[in-house]
Amino acid sequence: MSVNMHRIRTSWHKNRREWLTFLAFVAPNFIIFAVFTYWPIIYSFYLSFVRWNFLTPNKQVVGIRNYARLMQDDNFWEVLGNTLVYAVSVVLIAQGLAFLLALLLNRRVKGQPFFRTVSFTPHITTTAAAALVFVLLLDPKLGPLSHVYNFFSIQGPRFLASTTLAIWAIIIVGIWKEIGFASVFFLAGLQGINQEYYEAARVDGARPFAILRHITVPLMAPVIFFLMVSGFIQATKVFDLVAIMTEGGPVYPSSSTYAYHLYQLAFRNFRAGYASAFAIIFFIGVMTVTLFQLRYSKRWVDYEE
Amino acid sequence: MGSGFWHNLRYNWRSGVEAAWPFALLTLIAIVLGMPFFWMLITSVKPLSEIIIYPPRFLPQDVRLENYVEAWNAAPFDRFYINSIVTGVATTLLQVIFALFMAYAFVFINFPKKDLLFLAVLATMMIPIEMKLVPNYLLLKKLGWVNTYWALIIPPAAHAFPVFVLYQGFKTLPIELMDAAKVDGATHTQTLLRIVTPMTRPLLAAVALVSFVGRWNDYLWPLIVTNTVAMRTLPIGLAYLKDTQEGGNRWNLLMAGSVFVIVPILILFVFTQKQFVEGITSGAVKG
């Protein structure tokens, strides 16, 4: 121990300048992280064990009661279910379509840059504005789809007035925003595939679908895996779309999501402790998925370098 | 989509069905994905009477540009713009500067156990913001920052994503350059500002763009930390317009307001999309 201390002290003398420069360079970010990220995590754990309305000077420690109540809270299970339905649907549908779009864009079609720009634009469009225009677009009377409904003489679905369809209105916007984003990654992956594989397959007389199945998809596995997991985590945080399009309605919480419900609990119902328990469960979920990603991306997935 | 579009379609068609279908399919996809923008634009110039007729028309008969003036006056959009621009620019600058110094330190300066410290930085990306809302709000209240620019600018000024992207970029720089600078007796600050920064300017631009778009579009954080109309940013201002007497159900004004919100970001994107896409993909695909 003392030898160790001695070594650190001598290397401190030798490297003082270097180390101090390092600390100065990383200080701004670390100070902000410490105050607004590391500390809040610790404090959230504490808050999840109290009952508090943001106002009273004393927080009543209630142990695990918040967690116990949460397990029996119908709203918890419903918003959890909605969030998973949203995230899984957006990831599977949007990324499936994005993969096909990337295959198309990879064919060196004329106007490829134009199509790429158009498909990516939804991703950078402010969600609040996108949510508003989709309310109008999906309206069976006011939106352009009414021409389609008219043509087939059917009654268009009133997405936002239906307890089962409202979440799908939100999913549609989520898909619209995700397609171009994911296709950019897929396209980058496709363009990184060594052309020699394709030439060899063609020489062997492989059919296009066989090439797709046995060459393209396996080689794209790392990108697909990365996008699915990170897209899933991202999608579970959906908030803006719910806030603008449905506010969790038409009958709360039929289209509410985890993040939106947490916001309601904390900043509308002022249940700081209970909301924190919600936050902790969310945190544990995200950590689990992330660790799963880190673990299996090493084992199954063959990143270049 | 001018005459070149039709020429391509015809050209592809003549050269065989094989060559035509991808182009036709992409055109269809572009129409579907672009429809919200088209609908937003035409609705924003329609008189209300043309919005509520059934079935709706694709092109307005009567173009009312006054809708934009009315929308501008229906909510304090001048304030929303100032708030969005000031906080967006300030946060972006701080994010990039802080990330520049931090990434440089992690790549080029020796420090014991710096790998562990770097993990602690990356770990912040896994923390969902929902988890931090309540404690951060309490903290801002203690600091007296609620409803101030400080709250909108400082907490988001530290972000791991730009650090990570710059870290990846710095690692590809030729090490001989650093050694040459060291021999010349340059300090780390000098090396950073005179050698590393000029060499990675495109990457810095890409990182700044991604940061700015992220701040501009953010909804949750400004919703929590501001509480008066005058302090709201554009996305929340738009939601505010929806809930007012002037704006509620007047879809032409709401769409004009939406155009206010997205036009700056779309213009920025059209001119910088190459850097932007590089910004989000670097550090991800090759991670």
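1. A friendly start with the chain contact, bearing in mind that this is a predicted model: between chain B and chain A there are 13 residue pairs in polar contact, counting pairs with both residues at pLDDT 80 or more. On the side of chain B that touches chain A, α2(B) gives the largest share, with 16 residues. That side of chain B divides into 77 nonpolar, 15 polar and 7 charged residues.

2. You may wonder how many salt bridges are counted between chain B and chain A. The count is 0. The contact itself draws 99 residues from chain B and 89 residues from chain A.

3. Now for the area. The size of an interface is often given as the accessible area lost when the parts come together. Here chain B and chain A bury about 8,500 Å² between them, and 79% of that is on carbon and sulfur atoms.

4. Next, have a look at the second largest pocket, which holds about 1,500 Å³ of space. Its lining has 43 residues, and those closest to the centre are A:Leu100, A:Leu101, A:Leu104, B:Leu25 and B:Ile29. Both chains are therefore represented among the residues to display for this pocket's centre.5. Which elements each supply at least two residues of this second largest pocket's lining? From chain A they are α3 (74-105), α5 (127-137), α6 (145-151), α7 (166-191), α8 (195-203) and α9 (208-235), and from chain B α2 (17-44). The largest share, 10 residues, comes from α2(B), the helix that also gives the largest share of the side of chain B that touches chain A.

6. As for the character of that pocket, its lining residues divide into 33 nonpolar, 5 polar and 5 charged.

7. Then there are the enclosed spaces. Rolling a probe the size of a water molecule over the atoms shows where empty space is left. A search of the whole structure finds 4 cavities of 30 Å³ or more, and about 80 Å³ of space lies in the largest cavity.

8. If you would like to find the largest cavity on screen, its lining is made up of B:Thr87, B:Gly88, B:Thr91, B:Leu152, B:Arg215, B:Trp216, B:Asp218, B:Trp221, B:Pro222 and B:Thr233. Two or more of these residues come from each of α5 (77-108), α12 (201-217) and α13 (220-225) of chain B. The largest share, 3 residues, is from α5(B).

9. Finally, how do the residues of the largest cavity's lining divide? There are 4 nonpolar, 4 polar and 2 charged residues, with B:Arg215 and B:Asp218 among the residues of that lining.

Notes
Residues numbered from 1 in each chain as written. Chains lettered and ligands numbered in written order. Predicted model: local features only at pLDDT ≥ 70, side-chain atom pairs only at ≥ 80, totals over all residues. Heavy atoms only, no water. 1 Å grid on protein atoms, 1.4 Å probe; cavity = no way out; pocket = protein on both sides within 12 Å on 5 of 7 lines; lining within 4 Å. Points joined across faces, edges and corners; volume = space filled by probe spheres on them. Helix = DSSP H or I, 4+ residues; strand = E, 2+ residues; numbered from the N terminus. Nonpolar A, V, L, I, M, F, W, Y, C, P; charged D, E, K, R; others polar. Contact = heavy atoms within 4.5 Å. Buried area = accessible area lost by both parts, 1.4 Å probe. Salt bridge = Lys/Arg side-chain N within 4 Å of Asp/Glu carboxyl O. Polar contact = N/O pair within 3.5 Å; in protein donor to acceptor, adjacent residues only side chain to side chain.
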